[in-house]
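Please look over the structure shown here before reading on, and keep the sequence at hand while following the text.

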Amino acid sequence: MYGSYTGRRSAGTAAAVCAALLLAGCSGDGDGDSDGGTDGGPAVVGQQPKAKDPYWVNPDGTAARQVATYEKDGDQEKADLIRKIAEQPVGEWIGPDDPEGEARRVTEAAAKADRYALLVLYNIPHRDCGQFSKGGAADGSAYRAWVDGVAQGIGDRQATVILEPDALLHLVDGCTPQEHHDERYALLKSAIERLKRQPATQVYVDAGNAGWQSPEALHEPLWRAGIEKADGFSLNVSNFRTTAASTEFGKKLSVKVGDKPFVIDTSRNGNGPYEGGDPAETWCNPPGRALGEPPTTTTGDDTVDAYLWIKRPGESDGDCKGGPKAGEWWPEYALGLARAAK
């Protein structure tokens, strides 16, 4: 599906997989001033005003480094375009090898800047049905230990976790073999319970997008996955459905799961979904897409907790349409998203 420096996902929702940037301690005054980079020099981006968006902007993210490169090369036009991405908070995808260390580094850096961390967990066993972002933990025990590591890394710091994009939907659409269903439901439920033991952690379990399945098909699986103990659900991760369509879909689903609120990934939905080409691959690096609404917790709708950039704009969905491997930074695509942004 999606991810941070290496992978993202595929089918159904598109994305790429895991591994977060190994950021080091960054500092900020908590209200928009620039943070220092990991090398001790000035960063090219700072934090958004906390009242507008309390989530942490990584001053050493891929987009920020691309801005610095373009500026060093004297290409200010491209630098300004990529800055549209670099200056916004995006999800940090926790990798498989050091969940506690990565979660600690991200949450400590966010706390130092007086912001919240936005983490994405994408490591469920049998992930992505063997597609572009296949993989995941070796088995249920390994997954539980991995989630426990993430939780310990978060500690008592403020964090929002997007739990396992596509995992639930691939049970509903039959992509994940039947023999894995019971275990996956149990793993999602236990992950919610473990993460919610952290005093300042919010958890949103992924529920796909407005173009994939229906609220009627999703509410029972969400209950089975433990939605009652989560803070809500996420929609449109790594997809392109409009914010209006996602909101309408989310509200219909919300009333079926105890009026739980939801968050919407607006990272690439500025021009809505792509309607051309192979219908089975409209999710994968579609041309002509645009950045959507900037991340904010001020949505004007009590049911919508936030617009978030969960997918990291500019990272490939997979090696389709000329793109690099899932999750790799693709500057040409990033520039296209930024140019088309309204």
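The paragraphs below follow a set of parallel strands and then turn to a disulfide. The model is a predicted one.

A convenient place to begin is strand E8, which spans residues 262-265. In a regular strand the side chains alternate between the two faces of the sheet. In E8, Phe262 and Ile264 point one way while Val263 and Asp265 point the other way, and all of these residues are buried.

Strand E8 has a parallel partner in strand E7 (residues 232-235), to which three bridges join it, and within this pairing phenylalanine 233 stands opposite phenylalanine 262. Between the two strands the chain passes from E7 through helix H8 (residues 243-254) to E8, in a β-α-β crossover that is right-handed. Strand E8 is also joined by four bridges to strand E9 (residues 304-308), again in a parallel arrangement, and here isoleucine 264 has tyrosine 307 as its bridge partner.

The structure holds one disulfide, which joins cysteine 284 to cysteine 320 with an S to S distance of 1.8 Å; the link is left-handed, with -95° about the S-S bond. Because cysteine 284 lies in the loop between E8 and E9, and cysteine 320 in the loop between E9 and helix H9 (331-340), the pair ties together parts that are 36 residues apart in sequence.

Are these two cysteines buried or exposed? Cysteine 284 is buried, with a relative accessible area of 0%, and cysteine 320 is buried as well, with a relative accessible area of 5%, since buried means under 20% relative accessible area.

Key. Residues numbered from 1 in each chain as written. Predicted model: local features only at pLDDT ≥ 70, side-chain atom pairs only at ≥ 80, totals over all residues. Heavy atoms only, no water. Buried < 20%, exposed > 50% of the residue type's maximum accessible area, 1.4 Å probe, protein only. Pairing = 2+ DSSP bridges. Right-handed = clockwise from strand over helix to strand, strands pointing away. Disulfide = S-S within 2.5 Å.
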